[in-house]
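Q: Please take a close look at the part of this model that is annotated for binding, and place it within the rest of the fold.

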Amino acid sequence: MADYNVAETFVSINGEGIYAGQLAVFIRFYGCNLSCSYCDTAWAKDALVRGKTMSELDIYEYIKETGIKNVTLTGGEPLIQPGMGDLLSLLLLDEELRVEVETNGSAELSTYQRETNALTFTMDYKLPGSGMEAAMRLSNFDYLKQKDTVKFVAGSITDLRRAVEVIDRYQLSGRCHLYFSTVFGRLSLPDVVEFMKQNQLNDVTLQLQMHKIIWGSDAVGV
Ligand SMILES: C[S@@+](CC[C@H](N)C(=O)[O-])C[C@H]1O[C@@H](n2cnc3c(N)ncnc32)[C@H](O)[C@@H]1O
Ligand SMILES: Nc1nc2[nH]cc(C(=O)O)c2c(=O)[nH]1
Ligand code: SF4
Ligand SMILES: [Mg+2]
């Protein structure tokens, strides 16, 4: 039984990814090994913030108390928490739950056993504007399944061009979901759509962070 450092827990609608628009219970883990230029959750790795300690059972019981079936594990970076494999195994024993892990692309994915569609990874590929591209673990692409997602958060058209290069070079089209998002408020959205048209990006989904549209970009706990 491991203990996990949890920055916050809440129920909201999922604003991102393949379950966007559906209710989800969020477990936001404390701490991150990267430092993206645009991080909207930098407080969750601030040394002054004390996360709460929760065991696997505490987390499971909290999830069940909410009555919500979509579970999003995020952070910070969830996959640097020791014991994460045990937590995932426990959550997946409950066939009612659908677990999504938001991960930053630097953590090893091959260690997680996945016979089930109830666990999906949304893996960021950090683009040049993040300052963190060198940390990407490219071998993760080999472990992605159809229901997983590679997500590119772009702060410029240069970033979008790099995303297309990565999709082409690693032949990601058709292998998993591909999402574009913008660093919130940073890029002109018509320009992003124009870029998608120009590049005939038939397999890419543009997603806007729905929770920021609903509650504003500075709201926490939503
Ligand atoms: C806060 S991160 C936590 C999970 C993990 N550390 C990661 O980076 O994927 C969750 C998602 O929010 C995205 N994100 C962070 N800051 C953002 C911003 N300012 N605008 C748009 N998306 C942002 C990240 O790229 C990631 O896809
Ligand atoms: N409502 C809402 N949906 C989200 N989907 C992914 C989030 C994240 O921070 O990983 C997030 C978040 O912070 N809030
Ligand atoms: S990896 Fe995720 S949590 Fe860490 S700094 Fe980047 S966006 Fe923020
Ligand atoms: Mg967020």
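A: **From helix α4 to the annotated sites**

Gln-200, the residue that follows α4, has a positive phi, near 45 degrees. The model is a predicted one. Helix α4 itself covers residues 189-198, and one of its 10 residues is buried, so the helix lies largely in the open.

The overall fold comes next. The protein has five helices and nine strands, which follow one another along the sequence as β-β-β-α-β-α-β-β-β-α-β-α-β-α. Its radius of gyration is 17 Å, close to the 17 Å given by the globule rule for 222 residues, so the protein is as compact as a globular protein of that length. The C-alpha trace spans about 50 × 35 × 30 Å along the principal axes, and 35% of the 222 residues are buried. Of the contacts between residues at least 6 apart in sequence, 74% join residues at least 24 apart.

Nonpolar side chains tend to be buried together in soluble globular proteins. Here the largest nonpolar core holds 45 residues, and those touching the most other members are Val-6, Val-71, Val-99, Phe-152, Ala-154 and Ala-163. Strand β2 supplies the largest share of this core, five residues. With residues up to four places away in sequence left out, Val-71 touches Ala-24, Val-25, Ile-63, Leu-91, Leu-97, Arg-98, Val-99 and Glu-100.

Now to the annotated positions. An unreviewed UniProt entry gives the feature "binding site" at Tyr-38, Cys-39, Asp-40 and Gly-76. These positions span 39 residues in sequence, yet no two of their C-alpha atoms are more than 13.1 Å apart, so they gather at one spot. Tyr-38 sits in the loop between β2 (23-29) and β3 (52-55), and Cys-39 is placed in the loop between β2 and β3 as well. Tyr-38 has 17 other C-beta atoms within 10 Å and is partly exposed; Cys-39, with 18, is also partly exposed. The cut-off explains both labels: a residue counts as buried only from 20 such atoms upwards and as exposed at 12 or fewer, so values in between give partly exposed. Beyond its neighbours within four places in sequence, Tyr-38 contacts Ser-130, Gly-155 and Val-183.

The ligand shells bring in several of these positions. Cys-39 and Gly-76 are among the residues around ligand 3, together with Cys-32, Leu-34, Ser-35, Cys-36, Thr-41, Gly-75, Glu-77 and Asn-104. By class, that shell has four nonpolar residues, five polar and one charged. Asp-40 belongs to the shell of ligand 1, which is surrounded by 18 residues; the closest are Asp-40, Thr-41, Glu-102, Asn-104 and Phe-184. Strands β5 (98-103) and β7 (149-154) are the elements that give two or more residues to the shell around ligand 1. Its residues divide into six nonpolar, seven polar and five charged.

The same unreviewed record lists the feature "binding site" also at Ile-13, Asn-14, Gly-15, Arg-28 and Thr-74. Ile-13, Asn-14, Gly-15 and Thr-74 appear among the residues around ligand 2, where the others are Ser-12, Glu-16, Thr-41, Thr-72, Glu-102, His-211 and Val-222. Strands β1 (3-13) and β4 (70-74) each give two or more residues to the shell around ligand 2, and the shell is made up of two nonpolar, seven polar and two charged residues. Thr-41 is found in the shell of ligand 2, in that of ligand 3 and among the closest residues to ligand 1.

Two of these positions can be followed further. Ile-13 lies in strand β1 and, with 15 C-beta neighbours inside 10 Å, is partly exposed. Gly-15 lies in the loop between β1 and β2 and is buried, with 20 other C-beta atoms within 10 Å. Sequence neighbours within four places aside, Ile-13 contacts Gly-21, Gln-22, Leu-23, Met-210 and His-211. On the same terms Gly-15 touches Ala-20, Gln-209, Met-210, His-211 and Lys-212.

Glu-133 is a last point of detail. Its place is in the loop between β6 (119-124) and β7, and 15 C-beta neighbours inside 10 Å make Glu-133 partly exposed. Outside its neighbours within four places in sequence, Glu-133 contacts Lys-126, Leu-127 and Pro-128. Its C-alpha atom is separated by 9.2 Å from that of Gly-105, 28 residues apart along the chain.

Technical notes: Residues numbered from 1 in each chain as written. Chains lettered and ligands numbered in written order. Predicted model: local features only at pLDDT ≥ 70, side-chain atom pairs only at ≥ 80, totals over all residues. UniProt positions renumbered as here; feature names shortened; annotations may be inferred. Helix = DSSP H or I, 4+ residues; strand = E, 2+ residues; numbered from the N terminus. Contact = placed C-beta atoms within 7 Å. Near = placed C-beta within 6 Å. Nonpolar A, V, L, I, M, F, W, Y, C, P; charged D, E, K, R; others polar. Rg over C-alpha atoms; globule rule 2.2 N^0.38 Å. Core = buried A, V, L, I, M, F, W, Y, C linked by C-beta atoms within 7 Å.
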